[in-house]
Amino acid sequence: MKLLLDTHAFLWWVEGAPPLGRRARAEIANPDNEVLFSVASCWELAIKLNLGKLRLTQALDRFIPQQLTRNGFVLFAVEFRHVARVADLPFHHRDAFDRVLVAQALLDELAIVSTNRVFRKYGVTVVW
């Protein structure tokens with residue numbers, strides 16, 4: 001299975017935080033699964049850091065690459081086709097970052113690891 005981590009799922013995984021669901025934890029840890037982290041989520045983290053809504057143990061430009069390497073995750077690029085797909089999505093949700101994740105999941109047949117139930121409205125498989 002190919003998994004796309006929502007931003008909070010990524011943070012909870014790297015922090016070992018309890019809110020991460022049991023199934024989500026098992027699927028992320030499964031070596032048969034490919035775990036992806038979107039550049040859109042990196043952008044979201046950068047904005048939250050800048051607004052003071054998030055603190056990390058080190059600078060973002062070191063934190064993300066280090067965690068990707070440490071956990072065997074793949075950085076997943078946002079391509080124009082993903083952005084173009086956002087234009088055709090129904091407006092179930094206003095969060096621009098989540099809408100890009102939906103487009104990526106739909107176009108690349110990915111399951112999203114997230115607590116956010118709105119993803120299901122788009123026909124995306126959600127793992128939690």
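Helix α6 is followed by E109, whose phi is positive, near 55°; helices here are DSSP runs of H or I with at least four residues, numbered from the N terminus. The model is a predicted one, in which local features need pLDDT of at least 70 and side-chain atom pairs count only at pLDDT 80 or more, while totals for chains, interfaces and linings use all residues. Residues are numbered from 1 along each chain as its sequence is written, and side-chain values use heavy atoms, with hydrogens and water left out.

At the other end of α6, D95 acts as the N-terminal cap, with a side-chain oxygen 2.9 Å from the backbone nitrogen of F97. Among the buried residues of α6 (under 20% relative accessible area, with a 1.4 Å probe and protein chains only) are F97, V100 and L101.

Helix α3, residues 39–51, begins in a comparable setting: a side-chain oxygen of S38 reaches to within 3.0 Å of the backbone nitrogen of A40. After α3 comes G52, whose phi is positive, near 80°. The buried residues of α3 are A40, S41, C42, E44 and L45.

The two helices, α3 and α6, pack at an angle of about 170° with their axes 9 Å apart, the axes being lines fitted to C-alpha atoms over the stretch in contact and the angles running from 0 to 180 degrees between N-to-C directions. They are therefore roughly antiparallel to each other, a term used for angles over 145 degrees. Where they meet, with contact meaning heavy atoms within 4.5 Å, A40, S41, W43, E44 and I47 of α3 face F97, V100 and L101 of α6.

Definitions and conventions. Buried means under 20% relative accessible area, exposed over 50%, partly exposed in between (1.4 Å probe, protein chains only). A polar contact is a pair of N or O atoms within 3.5 Å; within protein, one must be able to donate a hydrogen and the other to accept it, and residues adjacent in sequence count only if both atoms are side-chain atoms. Angles under 35 degrees count as roughly parallel, over 145 as roughly antiparallel, 65 to 115 as roughly perpendicular and the rest as oblique.
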